[in-house]
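Please open the model in your viewer, with the sequence panel alongside, and follow the stops below in order. Each stop suggests a selection and then describes what is found there.

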Amino acid sequence: MRGPETGGTPPSDSPGQRSERPGKPGALLYALVSALVAGGLVLVAGACAPLLSDNARPELAGTGRLRAGLILSNQVLVDKDPASGQLRGVTVALAKRLAARLDVPFTAVEYATPAALVDSFDRDEWDVAFLAYDPERALQVAFSPAYMEVDNTYLVPAGSPVQSVDDADRPGVRIGVPARSAPDLFLTRALRAATLLRVPGGAAPALELLSTGGADAYAENAHLLTLYAARLAGSRVLDGRYTVIRHAMATPRARPFAANYVRRFVEDAKQDGTVDAAIRAAGLRRVRVAPPER
């Protein structure tokens with residue numbers, strides 16, 4: 001659209017020729033549209049600002065690298081090769097992808113159990129952490145949307161009185177669970193009659209508890225229980241589930257730019273196939289990509 005004339009004969013106001021002079025409808029419309037466009041650009045820029053890596057980088061990689069807290073006792077999250085020490089799994093793939101986006105190196109911060117990672121919440125040992133969402137934990141850290149969902153059920157030894165998931169919550173039934181894990185937190189709230197027996201996370205305590213008759217069932221994610229069952233003759237993983245655990249990324253609560261950036265990163269990783277590819281590469285059972293939360 002041609003702007004107001006700057007010299008010569010003023011434009012005619014006769015019918016069929018539109019005036020561009022200030023105060024006329026055409027000029028007012030032009031000014032209004034321009035203002036709306038400019039305002040929209042400002043709003044878009046403001047909304048996107050927390051997602052830019054330049055803003056998030058100091059909160060995610062203030063040490064010059066991305067430190068990722070990983071739980072080694074849960075092979076749904078990470079698997080460590082006993083010979084080489086190499087880490088692989090869904091969380092490792094996501095952490096490396098995020099580090100690449102930020103253009104910084106990735107460093108794994110290893111925790112033996114979920115309880116050990118939770119104890120580190122206020123120690124500035126990691127920039128992002130991978131663990132199951134729980135409302136109690138959300139009081140201490142900022143969670144992203146879930147990136148994957150994991151069925152949780154029971155492993156029962158031969159001769160156990162527990163024959164189905166619905167059988168478990170009865171008087172006299174003893175259920176083993178890794179202490180302060182997501183299954184522990186959920187079942188502590190949900191069980192009404194059965195007794196919880198808390199042990200350290202990992203295969204050895206679980207298998208010892210079941211093989212010695214110390215528990216009638218063991219609560220964990222279905223994939224991990226399948227691995228345990230292969231080492232305990234006569235045991236079986238129950239069909240069904242007592243809950244679905246939603247795994248997410250956490251950031252310290254004092255880092256809002258990091259939280260916003262990680263939230264967008266997780267949604268992008270679900271949409272572009274990164275999470276699905278990592279689940280498939282790890283060969284996880286009864287695990288799936290979480291639905292979008294945008």
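Begin with the lining of the largest pocket in this predicted model, which by class is made up of seven nonpolar, three polar and two charged residues. To see that lining, select Gln75, Asp79, Arg88, Gly89, Val90, Ala93, His223, Leu227, Ala278, Ala281, Ala282 and Leu284. The space that the largest pocket holds comes to about 180 Å³. If you now colour by secondary structure, you will find that α3 (90–102), α7 (222–229) and α9 (274–282) each contribute at least two residues to this lining. Which of the helices gives the most to the lining of the largest pocket? It is α9, with three residues.

From the pocket, move to helix α7, two of whose lining residues, His223 and Leu227, may still be highlighted in your selection. Is α7 enclosed or open? Six of its eight residues are buried, so the helix is largely enclosed by the rest of the structure. Select the buried ones, which are Ala222, His223, Leu224, Leu225, Tyr228 and Ala229. Extending the selection to whatever these buried residues pack against brings in β7, α6 (203–211), β10 and β11.

Strand β7, one of the elements just reached from α7, is the next stop. Select residues 148–156, and note that the strand is mostly covered, with nine of its nine residues buried. Which strands does β7 pair with, and over how many bridges? The partners can be taken one at a time.

- Select β12 (residues 243–252), which runs antiparallel to β7 and is joined to that strand by five bridges; here Asp151 stands opposite Val244.
- Select β10 (residues 217–221), which is also antiparallel to β7 and is joined to that strand by four bridges; here Tyr154 stands opposite Ala219.
- Select β13 (residues 287–289), which pairs with β7 in the antiparallel sense over three bridges; here Val287 is the bridge partner of Val150.
- Select β11 (residues 236–237), which runs antiparallel to β7 with two bridges between them; here Val237 is the bridge partner of Leu155.

Stay with β11 for a moment and select Arg236, which lies in that strand. Buried or partly exposed? At 36% relative accessibility, Arg236 counts as partly exposed. Leaving aside residues up to four places away in sequence, Arg236 touches Tyr154, Leu155, Val156, Val162 and Gln163. A distance label drawn between the C-alpha atoms of Arg236 and Ala158 should read 7.8 Å, although these two residues are 78 apart along the chain.

Tyr154, which Arg236 touches, also leads to the aromatic residues. There are six aromatic pairs in the model. One of them is formed by Phe186 and Tyr242, which are stacked, with 6.1 Å from centre to centre and 25 degrees between the planes. This pair links distant parts of the chain, since Phe186 belongs to helix α5 while Tyr242 sits in the loop between β11 and β12, 56 residues apart. Phe186 counts as partly exposed because its relative accessibility is 23%, whereas Tyr242, at 12%, counts as buried. Add Tyr154 to the selection and you have one aromatic cluster, formed by Tyr154, Phe186 and Tyr242.

Next, look inside the model for enclosed space. How many cavities of 30 Å³ or more does the structure hold? There is one, and about 160 Å³ of space lies within it. Its lining consists of 19 residues, and those to select as lying nearest the centre are Asn74, Pro114, Ala182, Pro183 and His247. Elements already visited return here, for β7, β10 and β12 each supply at least two residues of this lining, as do β5 (128–132) and α5 (182–190). By class, the cavity lining divides into eleven nonpolar, six polar and two charged residues.

Finally, clear the selection and view the whole protein, which has nine helices and 13 strands. Of its 294 residues, 46% count as buried. If you display the contacts between residues at least 6 apart in sequence, 70% of them join residues at least 24 apart.

Conventions. Residues numbered from 1 in each chain as written. Predicted model: local features only at pLDDT ≥ 70, side-chain atom pairs only at ≥ 80, totals over all residues. Heavy atoms only, no water. 1 Å grid on protein atoms, 1.4 Å probe; cavity = no way out; pocket = protein on both sides within 12 Å on 5 of 7 lines; lining within 4 Å. Points joined across faces, edges and corners; volume = space filled by probe spheres on them. Nonpolar A, V, L, I, M, F, W, Y, C, P; charged D, E, K, R; others polar. Buried < 20%, exposed > 50% of the residue type's maximum accessible area, 1.4 Å probe, protein only. Pairing = 2+ DSSP bridges. Contact = heavy atoms within 4.5 Å. Phe/Tyr/Trp six-rings, centres within 6.5 Å; stacked < 30°, edge-to-face > 60°.
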